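Reader: Could you take a close look at one part of this chain for me? I would like to see how a single helix residue sits among its neighbours, and then how that picture fits the whole.

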Amino acid sequence: MNSGQSFEGWYPTEHGLRLWTGSQWGPFAPNQLPQAPDTRTEEEKGKTLATLAHLGPFAGGFVVPLVLYLLEKDKNRFTRHHAAQALNFQITFMILWLLSFALMFIAIPLTARSGSSTAVNEAPPWPFFVVFFGLFAGMALNYVMSIVAMVNAHKGKYFRYRVALPFFK
């Protein structure tokens, strides 16, 4: 017990903190000091976890926002909002990534077929390059959008990904 601090109505004595009601001395403090009420807003309380919810592309994909959504959905609406937004975005990104990856397997045979001739003026294997660079553009978009969302969450602002399918509300 820290008797060097005093809280409203509680004063340090040689035996610990004791309550002064204004007219008489009350009981000694329990083992724990009285807690001041938390006056932070819900946004301030959930800012850290809301920021962490957008770490998907950096660590764990949709797992991080899913865990935070399940743990915080009934506790803090700000964290729940950001976790749901991040989860929706990461699931949407995963679906698009898998579809693009499947297109890559279609583009590889098209590229191989177009490259079977040894002609000098032949067109480059464009189907492969279009899909290949599309995958990297999608990854860059994922990183950029997640960073923007993290910054907004850290500032205590609500953020919504514009390109996410609404799986979770």
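Author: Happily! Contact here means heavy atoms within 4.5 Å. With neighbours within four places in sequence left aside, Ala50 is in contact with Phe78, Thr79, His82 and Ala153. This is a predicted model, in which local features need pLDDT of at least 70 and side-chain atom pairs count only at pLDDT 80 or more, while totals for chains, interfaces and linings use all residues. Residues are numbered from 1 along each chain as its sequence is written, and side-chain values use heavy atoms, leaving out hydrogens and water.

Ala50 belongs to helix H1, residues 42–52 (helices are DSSP runs of H or I with at least four residues, strands are runs of E with at least two, and both are numbered from the N terminus). Its relative accessible area is 0%, so Ala50 is buried (under 20% relative accessible area, with a 1.4 Å probe and protein chains only). One of its partners, Phe78, lies 28 residues away in sequence, yet the C-alpha to C-alpha separation is 7.0 Å.

For a companion view, turn to Asn142 in helix H4, residues 126–154. Asn142 is buried too, at 2% relative accessible area, and it touches Pro57, Phe89, Gln90 and Phe93, not counting residues up to four places away in sequence.

Now for the whole chain. It has four helices and three strands, arranged along the sequence as β-β-β-α-α-α-α. Of its 169 residues, 30% count as buried. Among contacts between residues at least 6 apart in sequence, 62% join residues at least 24 apart.

Conventions. Buried means under 20% relative accessible area, exposed over 50%, partly exposed in between (1.4 Å probe, protein chains only).
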